[in-house]
Structure formats: structure tokens, C-alpha cells
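Here is a short report on one chain and its partner. Look through the structure first, then read on.

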Amino acid sequence: MSATPALPLRVRAEILLRLLGIQGAWNYETMLGNGIAFAMEPALRRLPGGRGGEAYRQAIARHSGYFNAHPYLASVAVGALARAELDGAPAAQIERFRVAAPGPLGSVGDRLVWAGWLPLCSAVALVAFGLGASPWTVVALFLGLYNLGHLGLRIWGLHAGWEHGLRVAQALGNPVLRNGPPHVARVLALVAGIALPVAAQKLLGEGRVWLGGVLAAVALGALLVSRLQGRFEGWRLAIYVLAAFLLYSVVR
Amino acid sequence: MLPELAVDWLQLLPLAVLGAVLGLDVVSFPQAMISRPIVASTLAGAVLGEPVRGLWIGAALEFFALESMPFGASRYPEWGSAAVVGGALFAMTPDNTPAAMTLAALAALVAAQVGGLSMVALRRWNARLARGRQAALAQGDGRAVLTLQFAGISADFLRGGALTLLALAVFSPLRVAILATFTFPNTLSRAVVVSVASAVGLAAIWKVTATTHGARWWLLVGLVIGFALAGGLG
């Protein structure tokens, strides 16, 4: 691979903006595919012949097919594939990368973001709510914290992908990605443990007169939802419970 | 019927626009999680001049949302538009009205379920659209890529707006009828919502921490600290 060529700031900014909409045409057949081509397109205009040239058309055709990854870590693939195209890497090599990359980019992102960072930020916001923070403090805390990780990951991914090209697997060995998920999960467990009673007591307000019943219902309900795991989700069950409660109150 | 519960239908338009924007955020653009209930309901409450009430129902819905994260191709509830519905219904109702929280939470959960189904339909529609452009894509037509992307984003925006409007149109009058005939005290209504939401939230965290060695001990430590803090605050 040649020395890292420069990608103008304007092009990087345009790719980053498009990365925010990478799932705009998400579907069950090509999944993220069209989004990958959409995000790469500003870089592909720099291929010999420019927009509409032979190299541009071949690249667009290649990258609009099936692709799946975590939406934030797809930035790694976009950077790597854009670099490979502009370096003139063989089509077969690019295709191998497109087949191999989705697995790790999906699983690392799911564990780090969906099962770690997002619920952790929710828990922090719930603690702030329970401690009496104002609405705008809670909202700013949640959005600021979450998007620090979200945007940071997208920007890092694009940079790492562009820097390493098709050898970007090294970048996925980054300690944050390799060791981050279990650490985030432990912090999440601690903060969520604090958040649940603190936020619940705030929500309960004068309903604290029912505290004994609430604690028993939470313990039994959590046990039931855990047992039903994979067969019936708790939020769906909640629809029936709340509807039955309203109905009973109205008809009794 | 309680006269103070009457709906100002002009309020529904800005709420529908908010629902469209936040529904879009769930997956299509920009996935910055402004669609999470704790944010979305607060914003809906703020549109009606009641951000505090929006935050309260948003916090309750956030417990439910802990259970369903937007993992790839899995089917999940759509919280953005749904939380606008819940936030608006709770903010429209005067403080300490019995059943207000129960009804707002129920409406949001139903809207989230319908929203999830509408996202599945949208994804199928996106696939049909992509199939129709397959020849252009195979020839490397960059405009076809842009068209598909913007069509998907625009349709998702409309989906979120329509869902919000529909849910508010159904639940606003229903709310008036139910609140007028509800017979339990407000304290019990809240206790039921908090119990159900906390049970779902606790089970969700229990599940998430299952795969990490030692994480459940951290959860237990957190619960001890949390109960101590809650006791002090109560």
C-alpha cells in the first residue's frame, strides 16, 4: 500500500455527514449496501475520469450491493474501501474485504454501543433525573455524553479506515474496541443499579405509600420477564398489564 | 368529561413534525439518540410548555426502552414517535390526574409497537425500490444511489409524522373518556406504572450483564447504593 494520500477536509466532512444517514435506505435484502456507496460517493468522484467515469461507475456498482455492519463502525469500512478504490486495489481484493469485514464490524459495534454505551448513557440520565436535575440538564447530559462516543467512533472509524486501507483489521485490535465492551458492561451494571431505585422513587412520588407492593411487583415482574426471555418481551407484556389495569378501573 | 382535558388540535401539527424528526432519528438519520424517550418525551412536553412533565413520562418510558436496542435486522419498537405521543399526552393532562401516567405510558407502548411494524413495512418498501433500480445500480449510476437514499429518508420522515398524528388522534379523545371514568387513586396509578417499568428495566439490565464476568455483582452493588440514595431522598 502506498503512503497515505491526502483526503481533502471538505470531502471528509461530506463523507461524515453522509455517514449519519448511512441507514437511510436500509432494507432486508442489501441491508446497509446502498448506504455504503452513498457515503463513499464524494471520495469516488476523485477517481480517474471523475463522476460518471468508468472507474467511478465500477466502484458504485461494487459498493451498492449487500453489506452489513454496525452503522457507526461502518465508517471504518467506508474509509478503508474509499482508500482501496483510490489506490487502485484489485477488485477481487476489495470483494474479499467486503465479505470479511461485516462480521467483526457488526459484533464489536453491537457489544460496545447497543449493549454498552447506549444503556450506560440512559442510566446516567436516569440517575440525574432521580437526583432532581432539570429537564434540560438531563437532556444535555444524555445527548452530550452519548454523542461524544457516537461521533467520536464515526470520526475515528473513517480516519482509521482511510489510514490503514484494506489492512484496517489492525485498527480493530484497538484496546477500546477489544477490551472496552466488558469494562463498559461493568460500569453500566453499577450505574444502572443506582439508577433504577433512584429514578423509580422519584417517579413514584406520593405513590410511595404502595412501596411494599411496588418492590414485590418489581422483583416478581423482573423474574417473569427474565424467564420469558427470547419468547416474549417485557415491554409487550407491559401493554397487557397496563391495559388490563385501566380497563378494570373503568368497569369495576 | 373534564373540560380542562380538551385537546387543542392546532397543537398536533408541531407534535407531528417533532414525531417525524425523532422517528427519523431512530435508524435513518442521524441516529444521535434524540429519539430516546428521556429526550423525546421531554421535547414533546416542551412543545406544550410542560418540559418537566415530559421528562417524567420520558424517564418511565426509558426503563422500557432499556430492553430493546436497535440491533441490526432485529425487530424493535420505534421509541422516537412513540415517546412524543406519551410525552404529549402526559403534558396535556393536569398534575395529579389519576391514570394520567398509566394512559400516557400505555399509549406510548402501543405507538412503539405500531411504529416497529411500520419500520418493517418501510424496509420492505426500500427493498422493492432498490430492486426497481437494480439495473441502474449495476451500471454504477451514482444518481440511483442518491435517489434510493433520499427516498428512504423522506419516507421514514413521513412515516414518523403520520404515526404520531394517528396515535394522538386516537389516544387524545380516548384519554378524556378514560380519565373521566377512572376510579383508582393517582398514587396507585403511578405505582403500577413504576412497578411494570422497573421490572422491565431490571430484567433488561440483568440480561445485558449476563455475558460479562462479574458484571452482576456490580449490578448488586449499584442496587445497594441506589436503594440507600433513594431512601435518603425519599
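From the N terminus on, chain B runs α-α-α-α-α-α-α-α-α. That is nine helices and zero strands. Helices (H or I, at least four residues) and strands (E, at least two) are DSSP runs, numbered from the N terminus. The model is predicted: local features need pLDDT of at least 70, side-chain atom pairs count only at pLDDT 80 or more, and totals for chains, interfaces and linings use all residues. Residues are numbered from 1 along each chain as its sequence is written, and chains are lettered from A and ligands numbered from 1 in the order in which they are written.

The C-alpha atoms of chain B fill a box of roughly 65 × 55 × 25 Å, taken along the principal axes. Of the 234 residues in chain B, 58% are buried (20 or more other C-beta atoms within 10 Å of the residue's own, C-beta atoms being placed from the backbone). Two residues are in contact if their C-beta atoms, placed from the backbone, lie within 7 Å. Among contacts in chain B between residues at least 6 apart in sequence, 77% join residues at least 24 apart.

Helix 3 of chain B has 15 residues, and 14 of them are buried. Helix 3 reaches 20 Å from its first C-alpha to its last, close to the 21 Å expected at 1.5 Å a residue (1.5 Å times one less than the number of residues).

Helix 3 (residues 51-65) of chain B packs against helix 8 (residues 186-208) of chain B at an angle of about 35°, with axes 7 Å apart. Axes are lines fitted to C-alpha atoms over the stretch in contact, and angles run from 0 to 180 degrees between N-to-C directions. The table lists the residues that make this contact.

| Helix of chain B | Contact residues |
|---|---|
| Helix 3 | B:Ala60, B:Phe63, B:Phe64 |
| Helix 8 | B:Val193, B:Ala197, B:Ser198, B:Val200, B:Gly201 |

By class, this contact of helix 3 with helix 8 has six nonpolar, two polar and no charged residues. Ala, Val, Leu, Ile, Met, Phe, Trp, Tyr, Cys and Pro count as nonpolar, Asp, Glu, Lys and Arg as charged, and the others, Gly among them, as polar.

B:Ala105 touches residues of both chains, among them A:Leu242, B:Ala60 and B:Val193, not counting residues up to four places away in sequence.

Which chain gives 96 residues to the contact between chain A and chain B? Chain B does, and chain A gives 90 residues. On the side of chain B, the largest share, 18 residues, comes from helix 8. By class, that side has 61 nonpolar, 26 polar and nine charged residues.

Key:
A residue is buried if 20 or more other C-beta atoms lie within 10 Å of its own, exposed if 12 or fewer, and partly exposed in between; C-beta atoms are placed from the backbone.
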